[in-house]
Amino acid sequence: MPSAQPKWSMFEWIRILGLRGFAKSQRLPLAIPNGADGSGLTILVGANNAGKSTAIEALRALNQADPPSFTQGRRNKYAGDRVKLVLRRADGLEVTLESQQPRTSETKLSPQHTNLSGQLFVLPSRRVFSPYFGRNSFNRATFMASLGFPAVRTSNLDQFSSRLFEIQKNRAAFDAVMADCSMMQRCSSIMNQPLKAASGVSALRP
Ligand SMILES: Nc1ncnc2c1ncn2[C@@H]1O[C@H](COP(=O)(O)OP(=O)(O)O)[C@@H](O)[C@H]1O
Ligand SMILES: [Mg+2]
């Protein structure tokens, strides 16, 4: 048993073949934090249909507790009608999720029974979320497990709001995280500047 293995390890890259537009195998390197602000942040930019959402979808596929189906609409014919995803962790672990056979949806994971769902947290790329609050109280892991891997990309970010109830239960911890978040601090300092300017302008009004 690799009991000395750290609980968290960074991911170095993901290689994608045969998922949607990925007709050829392509490797997306992921930023590894080195202590400098922002060093662990990977930002994916590109034209429409370049494959940004597909890269996120690949991470979601690897995030499932049970191997998901790669249905026909997801498979690229020019890649042999099969999908192969490889995710490399900095500790050397390489997880492969691939079609069992060409032209079929069933997949296999190796090493078998690898479960990355506690390590990868992937939000759907769509931005709309349901404004209706369910009484469910989800933590992050339950949320990720319940998202699933639907065959069709949905426009809603369902169950997003459930997590707000967890915030209410532990408001002090939530506020502490917010206070620690340097991005928020920078945003608030940027937002203060126009506020000051605005108050200066209003002072000039009669
Ligand atoms: N089964 C498929 N075979 C080949 N190409 C596909 C398949 N499914 C989707 N695509 C193509 O993959 C691309 C998806 O890009 P997407 O990841 O949504 O890009 P982005 O998020 O960068 O706009 C589109 O060009 C789409 O036509
Ligand atoms: Mg997209």
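pLDDT is the predictor's confidence in each residue, on a scale from 0 to 100. You'll want that idea straight away, since this is a predicted model.

Start at the tail end. Over residues 194-206, pLDDT stays under 50, and the model has zero contacts beyond four places in sequence for that stretch. The other end gets a similar look: pLDDT also stays under 50 over residues 1-6, for which the model has one contact beyond four places in sequence. Across the protein as a whole, the mean pLDDT is 80, and 76% of the residues reach 70 or more. Here are the two extremes among the elements:

| Element | Residues | Mean pLDDT |
|---|---|---|
| Helix H5, lowest | 182-204 | 48 |
| Strand E2, highest | 26-29 | 98 |

Now for the overall layout. The protein has five helices and seven strands. Walk along the sequence and they come in the order β-β-α-β-β-β-β-α-β-α-α-α. Of the contacts between residues at least 6 apart in sequence, 66% join residues at least 24 apart. Out of the 206 residues, 15% count as buried.

So what's on the inside? In soluble globular proteins, nonpolar side chains tend to be buried together. In this model the largest nonpolar core has 16 residues, and Ile16, Leu19, Ala58, Leu62 and Leu85 have the most contacts inside it. Strand E1 (11-17), helix H1 (52-62) and strand E3 (84-89) each give two or more residues to this core, with H1 giving the most, four residues. Take a closer look at Leu62: leaving out residues up to four places away in sequence, Leu62 touches Leu85, Leu87, Val95, Leu97, Leu116 and Leu120.

Next, check out a neat pattern in the strands. In a regular strand the side chains alternate between the two faces of the sheet. Which residues of strand E5 (residues 107-110) are buried, and which are not? Thr107 and Leu109 point to one face and are buried, while Lys108 and Ser110 point to the other face and are not. E5 runs antiparallel to strand E4 (residues 94-99), and four bridges join the two. If you want to spot the pairing for yourself, find Thr96, which stands opposite Ser110 in E5.

Finally, there's the ligand. Of the 14 residues around ligand 1, the ones that come nearest are Gly21, Asn49, Lys52, Ser53 and Thr54. What classes of residue make up the shell around ligand 1? There are nine polar residues, four charged and one nonpolar.

Technical notes:
Residues are numbered from 1 along each chain as its sequence is written. Chains are lettered from A and ligands numbered from 1 in the order in which they are written. A residue is near a molecule or strand if its C-beta atom, placed from the backbone, lies within 6 Å of it. Ala, Val, Leu, Ile, Met, Phe, Trp, Tyr, Cys and Pro count as nonpolar, Asp, Glu, Lys and Arg as charged, and the others, Gly among them, as polar. A nonpolar core is a set of buried Ala, Val, Leu, Ile, Met, Phe, Trp, Tyr and Cys residues joined through C-beta atoms within 7 Å. A residue is buried if 20 or more other C-beta atoms lie within 10 Å of its own, exposed if 12 or fewer, and partly exposed in between; C-beta atoms are placed from the backbone. Two residues are in contact if their C-beta atoms, placed from the backbone, lie within 7 Å. Two strands pair if DSSP finds at least two bridges between them.
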